[in-house]
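New to this one? Here's a quick tour of some contacts and spaces worth finding on your screen.

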Amino acid sequence: MKILSTNSNEPIWRDTFPHSKLPEKLEKLHEIATNLWWVWNHEGAKLFGEIDSTLWKETEGNPVLLLQKLSSKRMKEIMENSQLMAKIEYVYDLFKTYINRQPDRTKPSVAYFSMEYGLTNVLKIYSGGLGILAGDYLKEASDSNIDLVAVGLLYHYGYFTQSLSMDGQQIANYEAQDFSKLPITQVTASGGSPMTLEVPFHDRIIYAHIWKVSIGRIPMYLMDTDIPENSDWDRPITHQLYGGDWENRMKQEYLLGIGGILLLNKLGLKKQVYHCNEGHAAFINVQRLVDHIENDKLEFNEALEVVRASSLYTVHTPVPAGHDYFDEALFGKYMGHFPSRLGISWEEFIDMGRTNPGSNEKFCMSTFALNTCQEANGVSYLHGKVSQLMFSPMWKGYFPEELHVGYVTNGVHMPTWMATEWKKFCYEEFGGNFIKDQSNKEIWQQIHKSSDEEVWNIRKTLKKKLIDYIKTQYRESWFKNQGDPSKVVTVLDRINPNALLLGFGRRFATYKRAHLLFTDLDRLAKIVNNEQYPVQIVFTGKAHPADGGGQGLIKHIVEISRRPEFLGKIIFLENYDMRLARRLISGVDVWINTPTRPLEASGTSGEKAEMNGVLNLSVLDGWWYEGYREGAGWALTDKRTYDNQQYQDQLDAATIYHLLEDEIIPLYFARNSKGYSPEWIQYIKNSMSQIAPDYTMKRMMDDYFNRFYNKLATRSEMLAKNKFVEAKNISDWKKEVAAHWDSFQVESFHYDPKVFQPTVGEEYTIKIVINRKDLKSMLGIDIVYTRDHPENHQLEFVQSEPFKLVKEEGPRLYFELKRTTMEIGQLKAGFRIYPYNEKLPHRMDFAYIRWVQS
């Protein structure tokens, strides 16, 4: 037999990652690196830049990866450098002093759930505004010393990285994250092996490893299903943020909600308030209901009282289509095993996610959140009103203005988003306690005493940093996708630090109207090509991979930017992330926002700009509806002129051109002998003193406690006392009302006929007697006034006034209302009876209504 000269099977490769091991003297660096404190504390980030400036840039500001790549030679140099070692000790002491402070026990503890968190560009578990807000919230919770734990998902690929093709088409690149190189720590079991969470799905167990992210004093736990214990069908649950089909979305939200509560249970963490940041997390209340029913032996309605009393739902979308809906088959596949554990029927369960119970509507996560959370809020004053209107069909008999749905206007974490130059300025001008008291307007007023020249120099410095960043970061990618190298050189050469620089950066959804500036290209060309008053515009933003309209808009802007008259004057920067955002919102002169009103729930990019002396030009929508002050920015009216959106877009575009030509550009270039416009500086000072302090995350955090957390914690504690006796009492009361709601009768109505043709200023009395008959519970009654809306002719709420209970005799209740008419014009009046219990948080909690004939 001939012996073969070769014999080899296929190579078997295994990833290895040789990395540095820090000497004991440098271990403190690792401790700092694995806590995101360094993200918003300049001393921490600066220290890593000094450890190795080249690696700091190469790793895109990732201190964990920097330390892994640190050479033995460099480690030795650091340890021999007494000044640098002293700097390490100094920063470590700052870090430990901050971390070791105990939580404020006078404030309620909070469990916070969100699908995404934007904390740093290094950790890609965010896509946009919702995640950035959640990340800012956790940072401020740490700064405010709140006892808070956050729960989310650890995405293997995160959200996509954006690049552009030669013709300007968006390319979505999903790049895997190597968890070993991130500032996160795997949670381990007692034996040192990875902790594994078991999440029972309808027909199998899903397993998740747990990773901890330390955000200052705040722990965040993230679940990861991409592990060998799971099937190939389930491992991708945590692959992509908002990726996959509706079934994968269901699995993600199941994991976040059901798994999130099981995770906290496994860790032994109980909190007073449970906060759903959007409807994605609403399933937390399914598991919480199960826990109370199975562990505390409560009936379903009793458990619902307990869960509701400690739950808050924050909505971030202004339109019904923006919520998550699941058809009954898909919902039933994953949630069908819960009704038996809850002790209710399938129809009763799915109806908790329907606006109209008993219908064939899809299950809506937001509706379920509203039905299982005592409190709900929008994210700006205007969005609160929009949310009341959007959700009003759930509580028939009440008008939108009467609903309990409130608002907390979004803010931004100032230490993260305010440039270092401004922070230094504020410390020097406002005092060392500035950060702790950052929402105090009196402190900010001191900016008017500051030198105009100093303010202008900061603005020039930040603009130069942005321009340098653009030239450094985008040179290579532009050479790849622009085609003609000479055009790239032209663009880079034409970026003018003396030009008025306008910025537009956000998600490219069509309602954001990024196209508005391009409505009249001839007029725009004249604006940007005025050699005496140069203007340049920077655009950036991603479109969801499934949003063809948004992607088309990006392509359209890129095409326009490459036309000869706009080359180097209009610039599109790809891959909008937190690094670019920090440069952009501090480096431009004017921040533009042009949404279709009222579709901007809040918007926070303009708030970040405010923290850096950047002026806003925006539609009066979202936060700017509240924030705009004359002489501190510019606004497009909140009034709509045309029903036709195309006509309205043309009008709004013309308004923007007018503001630029007649107000903004002349103001900016009204420069004195020192090279700046005193009037422009006055706008900056007005903006920072009158607007900025109202839109900090500190103010937002305080609002959540004052408007929601405190009362939730107080009421939930009351319901839980003595083995939930009050929860059981309220549940029994509701059962009694529901059983006998149809039994009571109005026995008499006494009123002067002039009540319905009143004279302004005269007092009238109305008396009503109700016989409750079999109903034992107390009732209330109010008179409701409405008028026909002049445009849509629908009934518009004017006001309501409650009757006073003057006597109770057996089943009879005697009510009286003395009223002085103050309104002029035609109104409609109606009488509304409702069940009354002083221990209810609000009337939407038990929205039984009977309108009665007068």
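Let's start with a lysine: lysine 685 counts as buried, at 3% relative accessibility. Keep in mind that this is a predicted model. The points below go through charged contacts, aromatic rings and cavities.

**Salt bridges**

- The count of salt bridges comes to 50.
- Lysine 685 is in one of them: its side chain meets that of aspartate 452, at 2.6 Å from N to O. Aspartate 452 sits in helix H20 (residues 452–481) and lysine 685 in helix H28 (residues 678–690), so this pair ties together parts that are 233 residues apart in sequence.
- The two partners aren't equally covered up: aspartate 452 is partly exposed at 24% relative accessibility, while lysine 685 is buried.
- Arginine 843 bridges to aspartate 782, with 3.0 Å between the closest N and O atoms. Here, too, distant parts of the chain are linked, 61 residues apart: arginine 843 is in the loop between strand E27 (828–835) and strand E28 (850–852), and aspartate 782 is in strand E23 (residues 779–788).
- Arginine 843 is partly exposed, with 26% relative accessible area, but aspartate 782 is buried at just 1%.
- Asp203, Arg204, Asp234 and Lys251 make up one network, joined by salt bridges that share partners.
- Lysine 124 and glutamate 175 also meet through their side chains in a salt bridge, 3.8 Å from N to O. Lysine 124 is in the loop between strand E1 (110–113) and helix H8 (129–143), and glutamate 175 is in the loop between strand E4 (170–173) and strand E5 (185–186), so the pair ties together parts 51 residues apart in sequence.
- Both ends of that bridge are partly exposed: lysine 124 at 27% relative accessibility, and glutamate 175 at 39%.

**Aromatic rings**

- The tally of aromatic pairs is 56. Take tryptophan 741 and tyrosine 848: their ring centres are 5.6 Å apart and their planes are at 85 degrees, so the pair is edge-to-face.
- That pair links distant parts of the chain, 107 residues apart, with tryptophan 741 in the loop between helix H29 (697–740) and strand E21 (745–751), and tyrosine 848 in the loop between E27 and E28.
- Tryptophan 741 is buried, at 8% relative accessible area, whereas tyrosine 848 is partly exposed at 28%.
- Phenylalanine 749 and phenylalanine 831 are another edge-to-face pair, 4.9 Å centre to centre with 65 degrees between the planes. They come from strand E21 and strand E27, 82 residues apart, and both are buried.
- One aromatic cluster is formed by Trp456, Tyr533, Trp634, Tyr668, Phe669, Tyr676, Trp680 and Tyr683.

**Charges over rings**

- Arginine 707 has its charged end over the ring of tyrosine 407, 4.8 Å from the ring's centre.
- Arginine 506 does likewise with phenylalanine 504, its charged end lying 4.6 Å from the ring centre.

**Cavities**

- There are three cavities of 30 Å³ or more, and the second largest has a volume of about 40 Å³.
- Arginine 506 turns up again here: of the 13 residues lining the second largest cavity, Arg506, Asn593, Ser605, Gly606 and Trp623 are the closest to its centre.
- Strand E18 (590–593), helix H25 (605–610), strand E19 (615–619) and helix H26 (622–627) each give at least two residues to that lining.
- By type, the lining of the second largest cavity has three nonpolar, eight polar and two charged residues.

Technical notes: Residues numbered from 1 in each chain as written. Predicted model: local features only at pLDDT ≥ 70, side-chain atom pairs only at ≥ 80, totals over all residues. Heavy atoms only, no water. Salt bridge = Lys/Arg side-chain N within 4 Å of Asp/Glu carboxyl O. Helix = DSSP H or I, 4+ residues; strand = E, 2+ residues; numbered from the N terminus. Buried < 20%, exposed > 50% of the residue type's maximum accessible area, 1.4 Å probe, protein only. 1 Å grid on protein atoms, 1.4 Å probe; cavity = no way out; pocket = protein on both sides within 12 Å on 5 of 7 lines; lining within 4 Å. Points joined across faces, edges and corners; volume = space filled by probe spheres on them. Nonpolar A, V, L, I, M, F, W, Y, C, P; charged D, E, K, R; others polar. Phe/Tyr/Trp six-rings, centres within 6.5 Å; stacked < 30°, edge-to-face > 60°. Lys NZ or Arg CZ within 6 Å of the ring centre and 35° of its normal.
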